Amino acid sequence: MNTIPQSYELWRSVVLRFKDWRQRRAAVWEISQLGNDGERMLAECGLSRSDFRQAMRLAFASKILLPEAIKSKGIDAETFENRYPEWNRDMRRTCMMCPARRVCSDRLETRDFEASYRDFCPNADNLDALAGVAIAGWRARNFTV
């Protein structure tokens, strides 16, 4: 049994968690420095300050995962965001408050998300509905609705 890969994975995990902690801490500090503008930005995402602070306690909360999840379904995330801003906002809020962000981040990184998101993603029904809309009229670069 080779301990080098195990040691490498352990240290990789520690480094990722530390980087994530620093990014979350920086995000909380930046929003706090914006005052009322920070409140408005959070409101646009459907979050209150307390929601944001609670979300920033979760692993990988500062990492924006939803666009990659949408892309895994073969859908252009920017087109979706522009066409359905309220739906996008609701999905972002759900994503940001999700306790499975570490699993999600790992699955997106290894490209296993599409095969397994229904097992852990609270946006699974939304992603399936979005794929249905895409099949009905628009796909990644052929957006024509």
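Six aromatic pairs are found in a search of the whole structure, which is a predicted model. One of them joins Tyr-84 and Trp-87. Their ring centres lie 5.4 Å apart, with 80° between the planes, and the pair is edge-to-face. Planes over 60 degrees apart count as edge-to-face, so the angle of 80° places this pair in that class. Tyr-84 is partly exposed, at 25% relative accessibility. Ring pairs also link Tyr-84 and Trp-87 with Phe-80 in a cluster.

Phe-113 and Tyr-117 form a stacked pair. Here the centres are 5.3 Å apart and the planes meet at 15°. The pair counts as stacked because its planes are under 30 degrees apart. Phe-113 is buried, with 1% relative accessibility. Tyr-117 is buried too, at 0%. Leaving aside neighbours within four places in sequence, Tyr-117 is in contact with Lys-73, Ala-124, Leu-127 and Asp-128.

Both rings of the stacked pair belong to the largest nonpolar core. This core has 21 residues. Phe-113 and Tyr-117 are among those with the most contacts inside it, together with Ile-70, Cys-104, Phe-120, Cys-121 and Leu-127. Two or more residues each come from helix 4 (66-72), helix 5 (77-83), helix 6 (85-96), helix 7 (101-109) and helix 9 (124-137). Helix 9 gives the largest share, 4 residues. A second core is separate and has 8 residues. Ile-31, Leu-42, Met-56 and Met-96 are included in this second core.

Key: Residues are numbered from 1 along each chain as its sequence is written. This is a predicted model: local features need pLDDT of at least 70, side-chain atom pairs count only at pLDDT 80 or more; totals for chains, interfaces and linings use all residues. Side-chain values use heavy atoms; hydrogens and water are left out. Rings of Phe, Tyr and Trp (its six-membered ring) pair if their centres lie within 6.5 Å; planes under 30 degrees apart count as stacked, over 60 as edge-to-face and the rest as tilted. Buried means under 20% relative accessible area, exposed over 50%, partly exposed in between (1.4 Å probe, protein chains only). A nonpolar core is a set of buried Ala, Val, Leu, Ile, Met, Phe, Trp, Tyr and Cys residues joined through side-chain atoms within 4.5 Å. Contact means heavy atoms within 4.5 Å.
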